Amino acid sequence: MTEEKIGSLEEEALKRKERLQALKRKNEESKESKSDGAENLPKPKFRSYKPQDESLKNNVIDDAKPGDVEAVVQEQLDAASSKVVIEELNISNLAPRKPDWDLKRDIAKKLEILERRTQKAIAEEVRARLKQGQQDLAAYVNAPDKG
């Protein structure tokens, strides 16, 4: 048994050694490509700086031209001066909401469930009391609660 373990351990050691060598080769290749990649750096773009070097003058970006501001302002003035007729005015949208409106909105679904359970419980209680012998519905309605 020990010979089998030793053989498998040696095989695993050889596999590890091969993986390490492959990693070393990969690292060396990436270092070489990085040194070659220095030539592939992004070129600078000069917006407000005028470079002195002739080779960098190709990277200067032309000055931005201002748009036609007068036409835009005139369009906005024309739009503001025209009267907009509101066809329907919903007054409820203008009224401020109560401070707790969001709380009520959030618990509305839970209240529906509780309302259904309450109705179910009332119906079960009515059935139970009717089974106890209170056949007269008026007597049931007027009877005081025992709980």
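Student: What makes the reach of helix α2, from its first C-alpha to its last, close to the one expected?

Tutor: Happy to start there. Helix α2 covers residues 69–81, which is 13 residues, and reaches 18 Å, close to the 18 Å expected at 1.5 Å a residue. The expected span is 1.5 Å times one less than the number of residues. A helix here is a DSSP run of H or I with at least four residues, a strand is a run of E with at least two, and both are numbered from the N terminus. This is a predicted model, in which local features need pLDDT of at least 70, side-chain atom pairs count only at pLDDT 80 or more, and totals for chains, interfaces and linings use all residues. Residues are numbered from 1 along each chain as its sequence is written, and side-chain values use heavy atoms, with hydrogens and water left out.

Student: How many helices and strands does the chain have?

Tutor: There are five helices and zero strands, so the order from the N terminus is α-α-α-α-α.

Student: Why is α2 said to lie largely in the open?

Tutor: Buried means under 20% relative accessible area, exposed means over 50%, and partly exposed is in between (1.4 Å probe, protein chains only). The number of buried residues in α2 is zero, so the helix lies largely in the open. In the chain, buried residues make up 3% of the 147 residues.

Student: What makes Valine 73 partly exposed?

Tutor: Valine 73 lies in helix α2. Its relative accessible area is 38%, so partly exposed is the right label. Val73 also joins Val69 and Leu77 in a nonpolar patch on the surface, with about 260 Å² of accessible area together. Such a patch takes residues with over 30% relative accessible area and no salt bridge, joining nonpolar side chains (Val, Leu, Ile, Met, Phe, Trp, Tyr) within 5 Å and like charges within 9 Å. The areas come from the Shrake-Rupley method with a 1.4 Å probe, and for residues only the protein chains shown count as cover.

Student: How do you know that asparagine 59 counts as buried?

Tutor: Its relative accessibility is 18%, so asparagine 59 falls in the buried class. You will find asparagine 59 in the loop between α1 (2–36) and α2. Leaving out residues up to four places away in sequence, asparagine 59 touches Lys43, Pro44, Lys45 and Phe46, where contact means heavy atoms within 4.5 Å. A polar atom of its side chain lies 3.4 Å from the backbone oxygen of proline 44.

Student: Why is the pair of glutamate 54 and lysine 57 called a salt bridge?

Tutor: The term asks for a side-chain nitrogen of Lys or Arg within 4 Å of a carboxyl oxygen of Asp or Glu. For glutamate 54 and lysine 57, the N to O distance is 3.5 Å, so the pair qualifies. Glutamate 54 is exposed at 56%, while lysine 57 is partly exposed at 40%. The rule gives four salt bridges, including arginine 105 with aspartate 106 at 3.2 Å.

Student: What separates arginine 129 and glutamate 125 in helix α4?

Tutor: They are four residues apart in α4 (residues 101–132), so about one helical turn lies between them. Their closest N and O atoms are 3.3 Å apart, forming a salt bridge. Arginine 129 counts as buried at 14%, whereas glutamate 125 is partly exposed at 40%.

Notes
Polar contact = N/O pair within 3.5 Å; in protein donor to acceptor, adjacent residues only side chain to side chain.
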